Amino acid sequence: AAMAARCRLAARFHHIHGANIRLDASHTQATRVESFANGLCFSQEPLAPGQIFLVEIEEKELGWCGHLRVGLTAHDPQSLEVVPEYSLPDLVNMGDTWVFAITRNHNRVVVEGEEAQARGQPWEPFLLIERVRIPRDTLVGRSRPGRYSHILDDLYKMNVLPATARRSRIGVLYAPQPDGTADMHIVINGEDMGPSARGLPTTRPLYAVIDVFASTKSVRVIPVDYGFPSLQTLCRLVIQKHIVHRLAIDGLDLPPLLKSFCQHE
């Protein structure tokens, strides 16, 4: 219960942010209103160990090169005299900050001799990261079915969208290690990318960093419940696993709201 309350509180953007960012009244949507930079945002509260800060890409802007940047910082946003123009390199150069650009080729730190660990099947209801267990369904971004949806259907069955696509969901968290430090993990559409950074200090508060950069124009925070998946969610997983094409859901004998939920919610 305490974790759930803390997660709800942290599932908002901090009132300190880049000069080109506008927050909505709920502080859950951040939009860059001009240019391609000065789009730095932070979580309202420091994250708890294993707590994911998850955002969905709501709007893209053509004409710019580069995508969303995500990470963690030990700097309290209130302590910043000026919010840096860029997370990379400006905020990172201040130290105690770990930020990576979200691209089609993701970042992973591998210790010498370590083998890549299995990340689990996309139909498993929970994502496991170290000792952290997160309901996978909330983590997954989905395209809306439409005229060209067949192009994405194979991706949809695997519960993934291209990392930088509209409606893609990207999260960041840290997992404590036995030596007292933590590993930072980036999660993209329900898939753990593995440790992106190691040796983070757990003795200092760590805030999520979301840089609404270049072709990413607007993102929204998605609250994550750490309880059991609902019966509705489990039904959707079964339906999605067995259909040939998302538009085939329209022909099923299901209530309209459930059809919509199965297709793209």
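The paragraphs below lead through a predicted model, from the chain as a whole to its sheets, a hairpin, a helix and three buried residues.

Taken as a whole, the chain holds six helices and 13 strands, and buried residues make up 49% of its 265 residues. Of the contacts in the chain with a separation of 6 or more, 70% are accounted for by residues that lie 24 or more positions apart. The surface that the chain exposes comes to about 13000 Å², and carbon and sulfur atoms supply 55% of that area.

Much of what follows concerns strands and the way they are paired. Strands of a sheet pair through backbone hydrogen bonds, and the pairing is either parallel or antiparallel. One sheet in this model is open and is formed by seven strands, with antiparallel pairing, in the order β1-β2-β13-β4-β9-β10-β11. Its edge strands are β1 and β11, each of which pairs on one side only. Ignoring direction, neighbouring strands of this sheet are turned by 25° against each other on average. Within the sheet, strand β4, residues 53-60, is paired in the antiparallel sense with strand β13, residues 216-221, over five bridges, and one place to see this pairing is Lys 60, whose bridge partner in β13 is Thr 216.

Another open sheet is built from four strands, again with antiparallel pairing, and here the order is β3-β12-β5-β6. Strands β3 (40-42) and β6 (97-101) stand at the edges, and because each has a single partner strand, one side of each is left without a neighbour in the sheet. From one strand to the next the twist averages 20°. Strand β5, residues 69-73, and strand β12, residues 207-211, are joined in the antiparallel sense over five bridges, and in this pair Val 70 stands opposite Ile 210 of β12.

Ile 210, placed in strand β12, is a useful residue from which to look outward. Its relative accessible area is 0%, and therefore it is classed as buried, the cut-off for that class being under 20%. Leaving aside residues up to four places away in sequence, Ile 210 touches Phe 13, Gly 39, Leu 40, Cys 41, Phe 53, Val 55, Leu 68, Arg 69, Val 70 and Val 219. A further relation across the sequence is that of Ile 210 with Val 99, since the two are 111 residues apart in sequence while their C-alpha atoms are 8.7 Å apart in space.

A hairpin can be followed in strands β7 and β8. Four bridges join β7, residues 126-129, to β8, residues 132-135, and the two strands run antiparallel; Leu 127, for example, has Ile 134 as its bridge partner in β8. Two residues lie between the strands of this hairpin, and Glu 130 takes a positive phi near 55°.

Among the helices, α5 covers residues 231-242, and its length can be checked: at 1.5 Å a residue its twelve residues should span 16 Å, and because the C-alpha atoms at its ends are 17 Å apart, the two values agree. The residues of α5 that are buried include Thr 233, Arg 236, Leu 237, Ile 239 and Gln 240. An α-helix has 3.6 residues a turn, so residues three or four places apart point the same way.

Two polar residues remain to be visited. Asn 20 is placed in the loop between α1 (2-10) and β1 (21-23), and because its relative accessible area is 7%, Asn 20 counts as buried. Its side chain reaches the backbone oxygen of Ala 37 at 3.1 Å, and, not counting residues up to four places away in sequence, Asn 20 touches Thr 31, Arg 32, Val 33, Glu 34, Ser 35, Ala 37 and Asn 38. Of these, Ser 35 is 15 residues from Asn 20 in sequence and 7.5 Å from it in space, C-alpha to C-alpha.

Asp 192 is found in strand β11, residues 191-201, which is one of the edge strands of the sheet of seven strands. With a relative accessible area of 11%, Asp 192 is nevertheless buried. Its side chain makes a polar contact with the side chain of His 185 at 2.9 Å, and the side chain of Asp 192 also reaches the backbone nitrogen of Gly 194, at 2.8 Å.

Note on methods. Residues numbered from 1 in each chain as written. Predicted model: local features only at pLDDT ≥ 70, side-chain atom pairs only at ≥ 80, totals over all residues. Heavy atoms only, no water. Buried < 20%, exposed > 50% of the residue type's maximum accessible area, 1.4 Å probe, protein only. Polar contact = N/O pair within 3.5 Å; in protein donor to acceptor, adjacent residues only side chain to side chain. Contact = heavy atoms within 4.5 Å. Areas by Shrake-Rupley, 256 points an atom, 1.4 Å probe, with all protein chains shown as cover. Expected span 1.5 Å × (residues − 1). Pairing = 2+ DSSP bridges. Axes fitted to C-alpha atoms, helices over the stretch in contact; angles between N-to-C directions.
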